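Look through the sequence and the model before reading on. The text starts with one strand, then turns to the sheets and ends with the chain as a whole.

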Amino acid sequence: MKTKNILYIAGLLLGQSVFAQTLENDTLAMKFGNAVSGEVLNQSVRTNMANTLFGRLKGLYTMQSSSETNVLDDQANFNIRGISTFGNAKPLIIIDGVQRDLENLSLIEIEKVEVLKDAVASAIYGVQGANGAVVITTKRGKSGFHASANYSMSFDTPFRLPEFADAPTYAKAMNEALALDGLAPRYTEKEIGYFANGTYAELYPNVDWQDMAYRNYGVTHRANVEFEGGSKKFKFYTALDYANQTGLLDHTEMFSQYNSQLNKVNLNLRANIDVTLTDNTFLKLNLLGRLKEQNRPGTGMGDIITRLYKTPSAAFPVKTGTGNWGGNNIYSYNPIADIADRGTVKAIRRSLLADMTLHQKLDFVTEGLYAEATVAYDNMANYNDSRTRTYEYEMVVPVVDGNDELMGVDRIMLGTKGELGWSSGLNGQEMFSMFQAKVGYNRAFGLHRVKGEVVYQQQCSVPDGRNSTRKNQSVMGVASYQYADRYSVDGVLNYSGSAVLTEGKQFNVYPAIGLGWTVSNEDFLKNHSVISYLKVNASLGLSGSDLFGHDLDRQSFGVAGGNYWFGSGNTQVTGLKEGTLAVTHLLAEKSRKFDLGVDMALWNKLYVSATYFNERRSNILVDGSPVVSSVIGIGVPQLCEGIVKNQGVELSLDFADKIGKFGYKVSGNFTYAKNKIINNNEGFKTEDYLYKKGQSLNQYYGLQSDGFFNTVDEINNSEIYQSFGELKPGDVRYVDQNGDKIVNEDDVVRLGYAVLPEIYYGFNVELSYEGFGLMANFQGVANRNIYLNTANVFVPLKNNTNISTWYLEENTRWTPETMETATLPRLTSEDNPNNYQKSDIWMANGNYLKLRDLELSYTVNKNVLRKCGLKVFVRGTNLFSLDKLGYSDPENYGIAYPTMRSYTAGFNLIF
């Protein structure tokens with residue numbers, strides 16, 4: 001079959017072959033930090049499974065993120081061993097052998113989670129394996145009958161919220177900014193007094209917008225039941241999970257037609273079935289149905305949160321004296337009306353995920369031979385149900401006499417009051433299919449064990465939209481040999497392809513080899529009183545990444561924006577034009593990985609693991625314009641010439657013991673990953689320090705500050721010209737790095753660390769005594785900086801915007817009185833590009849240590865209740881963070897819905 005025809009139905013994803021697993025058993029994998037059980041993850045109260053993995057797995061960087069649309073999703077980003085590419089570094093998510101979205105799972109379904117990252121495991125995933133994989137196994141049935149019922153209720157409060165100035169403080173700050181800009185004040189002392197004492201509140205309001213918009217807490221209910229059981233021939237596992245989370249918005253029930261509160265409801269129904277059809281034939285079926293319904297106000301949450309940050313407390317009242325929404329012609333909105341009076345939007349996502357595996361023993365041909373086939377089909381769709389309208393608001397303008405005495409007010413209605421409309425429709429659909437067939441051999445001959453598989457696999461993902469389909473295919477051989485449970489060799493040879501690559505060049509070969517030596521099984525260490533387990537392993541291999549867009553290797557035509565001139569009058573006509581030139585040699589990213597590790601157990605109590613890893617990523621797409629002249633008159637293509645090196649170490653420790661009835665366990669993991677740009681095609685730079693080559697990915701660059709200009713004479717007498725606009729006292733002075741007497745883009749230097757930390761660590765403490773249990777999960781990062789550019793918080797007052805207490809109270813801004821001690825530039829009502837250049841002034845320490853989860857529990861022995869076991873618990877989430885930021889979550893510090901701190905109580909019943 002021709003390659004192009006194969007690729008039409010093709011895909012790569014090796015499911016959970018025995019070769020995709022580490023050679024350790026599950027217990028050792030968890031002891032050495034490579035896996036974590038679902039039981040441990042269920043000690044978290046989060047409804048999104050991704051947020052249960054903070055600090056739990058060695059090498060897995062899990063960082064909190066946020067969504068402007070679905071703010072209750074409590075999202076997280078994954079990276080494995082840092083990043084090694086300018087492109088997409090997202091790892092694969094594999095659920096029961098099939099590539100799927102982690103959001104589809106509920107916690108109750110999970111048996112274990114593990115991270116695959118070494119060279120052999122990466123080569124198994126071929127052109128998709130370079131970023132590693134997070135592999136989740138769901139629960140399966142056992143003989144007999146078992147059931148459980150669980151319920152918890154959480155109170156969710158904001159972890160941190162930035163604070164903004166009240167009205168009189170804002171008015172004084174604005175007057176200060178105008179004075180330093182050389183402009184007249186906006187507010188008189190009398191008006192500032194009105195703000196402070198509440199006089200004429202309709203004209204001189206003092207509104208804490210966040211306090212008005214957010215109530216004290218939201219509530220999350222979670223309930224689920226599990227049933228598992230069966231016989232030798234038939235086993236089943238069934239779980240039903242329900243979660244209902246409400247948000248923090250206030251004023252959501254002002255109108256009887258709707259409730260605009262943030263709300264998310266998840267309903268998961270899973271059935272995993274194992275059937276023994278004959279003594280040699282086995283069928284495995286996994287089914288998951290999921291409904292997710294989210295409700296929000298008619299105004300998007302991104303707009304609402306931005307307006308809560310942006311609107312000064314002195315801008316206008318929530319409502320005027322006539323009962324209308326307040327507003328004016330500067331701010332064409334009212335944040336509380338955006339919540340209460342814009343209707344609602346309901347987003348519904350339904351998912352059906354199914355996969356089936358048929359396993360056939362072929363011992364009648366030769367012992368240990370088998371064949372297996374797997375098919376998977378997923379169908380996901382999103383629907384929107386919108387009931388929205390617009391609102392009107394009232395601007396109240398004071399009428400004063402010649403002595404600025406208030407005579408009355410003028411009232412002007414703005415905006416449009418609309419009727420509640422309705423619309424509904426499909427908002428996106430995605431289908432996914434996978435087929436895998438393999439023939440394998442697994443047999444022991446005395447001291448020898450031989451394993452091998454030949455695997456064919458294809459997959460196809462078809463979301464809505466042009467050029468969004470992704471197809472992959474692979475043919476692969478994997479083999480493993482063990483001698484006397486001491487020496488092992490693993491090999492992979494994967495011929496793997498992707499449809500996004502250039503036709504005729506879609507396939508590449510990805511080989512890998514792994515060596516292992518279980519030293520503790522040698523005669524000189526067997527039954528050793530101290531060393532109970534010792535293993536050395538190494539791997540070397542290639543893998544790839546195809547995480548870039550379609551048609552990069554094709555010249556595009558029909559792009560809008562072309563201008564043409566015709567006739568004697570040289571009349572301009574707008575038309576189509578050629579797009580960017582094609583990438584002439586489009587290649588998958590190539591990752592060469594090397595790992596060397598040692599796993600050791602002492603006294604069967606202390607488990608220690610150390611791994612050195614080294615990756616060289618090449619063929620990365622980089623900008624071609626620095627090295628290709630723009631004189632060609634058309635967009636320059638990208639080039640597959642980027643190279644990045646990433647290396648580091650992983651460490652883990654696990655110690656558990658008992659003293660009488662008192663049990664304790666301490667475990668932790670530590671990852672250090674340092675990347676370096678080897679080639680990025682950045683072209684010629686006038687100064688050596690301007691090159692990003694040799695530095696880290698996503699490294700911050702900016703100007704180095706040198707205090708502030710304190711007087712006009714200092715500015716006029718300065719020998720150095722700063723090219724960012726007019727300067728005034730209180731503006732930032734920058735260092736002229738190259739000595740050319742001009743501060744501009746040629747004076748930018750490396751600042752601190754990147755936002756993705758070089759160091760990621762977690763540690764857990766577990767204590768138990770006669771049914772009582774205490775668990776604490778800590779996670780932290782180091783060697784991380786963040787750039788403070790959040791509007792209204794760090795960039796205040798510009799264009800009539802807000803100002804934070806961070807700027808006014810927690811730091812020292814420049815004024816004529818504080819010029820000797822100032823750490824921030826002067827206040828200004830103007831754009832002032834000089835002060836808000838990216839510089840070390842706006843860099844902050846991004847390190848933190850968080851208490852992610854805390855649980856106090858009591859378990860009643862089954863013998864007491866006879867027919868069931870009972871565990872009752874209280875839990876806390878995000879209880880504290882040790883960091884330098886203070887005002888906001890150091891992971892979620894932009895304009896965003898607040899991170900939640902949760903207090904939970906619940907119980908588990910086991911039958």
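Which residues of strand 2 are buried on one side, and which on the other? On one side they are L60, T62 and Q64, and on the other Y61 and M63, so both faces of the strand are covered. The model discussed here is a predicted one. The listing by sides can be read with a general rule in mind: in a regular strand, side chains alternate between the two faces of the sheet.

Strand 2 covers residues 60–64, and five of its five residues are buried. A residue counts as buried when its relative accessible area is under 20%. Because five of five pass this test, strand 2 is largely enclosed by the rest of the structure. Its partner is strand 3, residues 76–80, which runs antiparallel to strand 2 and is joined to it by five bridges. Within this pair, M63 stands opposite N77 of strand 3.

Next come the sheets. In general, strands of a sheet pair through backbone hydrogen bonds, and the pairing can be parallel or antiparallel. One open sheet is formed by five strands in the order 1-6-7-4-5, with mixed pairing. Its edges are strand 1 (35–37) and strand 5 (98–99), each of which pairs on one side only. Strand 5 pairs with strand 4, residues 92–95, through two bridges in the antiparallel sense. Here I95 stands opposite V98 of strand 5.

Another open sheet has three strands in the order 13-16-17, and its pairing is also mixed. The edge strands are strand 13 (325–326) and strand 17 (406–415), each pairing on one side only. Strand 16, residues 392–400, is antiparallel to strand 17, and nine bridges connect the two. One of the partnerships is between V396 and R411, the latter in strand 17.

Further along the chain, strand 41 (residues 869–883) takes part in two antiparallel pairings. With strand 40, residues 848–860, strand 41 shares 12 bridges, and Y858 stands opposite V872 of strand 41. With strand 42, residues 900–910, strand 41 shares nine bridges. In that pairing V874 stands opposite A905 of strand 42.

Helices are present too. Is T805, a residue of helix 11 (residues 805–808), buried or exposed? T805 has a relative accessibility of 8%, so it counts as buried. Leaving aside residues up to four places away in sequence, T805 touches E163, F164, A165 and E810.

Now consider the whole chain. Its secondary structure amounts to 12 helices and 42 strands. Of its 911 residues, 52% are buried. Among contacts with a separation of 6 or more, 71% are between residues 24 or more positions apart.

How does the overall extent of the chain compare with that of a compact globule, and what is its radius of gyration? For 911 residues a compact globule would have a radius of gyration near 29 Å, and the chain has 31 Å, so the two agree. Taken along the principal axes, the C-alpha atoms fill a box of roughly 105 × 75 × 65 Å.

The surface and the charges complete the picture. The chain exposes about 39,900 Å², of which carbon and sulfur atoms supply 55%. There are 87 positive and 97 negative side chains, and the centres of these two sets lie 10 Å apart.

Note on methods: Residues numbered from 1 in each chain as written. Predicted model: local features only at pLDDT ≥ 70, side-chain atom pairs only at ≥ 80, totals over all residues. Heavy atoms only, no water. Pairing = 2+ DSSP bridges. Helix = DSSP H or I, 4+ residues; strand = E, 2+ residues; numbered from the N terminus. Rg over C-alpha atoms; globule rule 2.2 N^0.38 Å. Buried < 20%, exposed > 50% of the residue type's maximum accessible area, 1.4 Å probe, protein only. Contact = heavy atoms within 4.5 Å. Areas by Shrake-Rupley, 256 points an atom, 1.4 Å probe, with all protein chains shown as cover. Lys, Arg positive; Asp, Glu negative; His and termini not counted. Charge placed at Lys NZ, Arg CZ, Asp CG, Glu CD.
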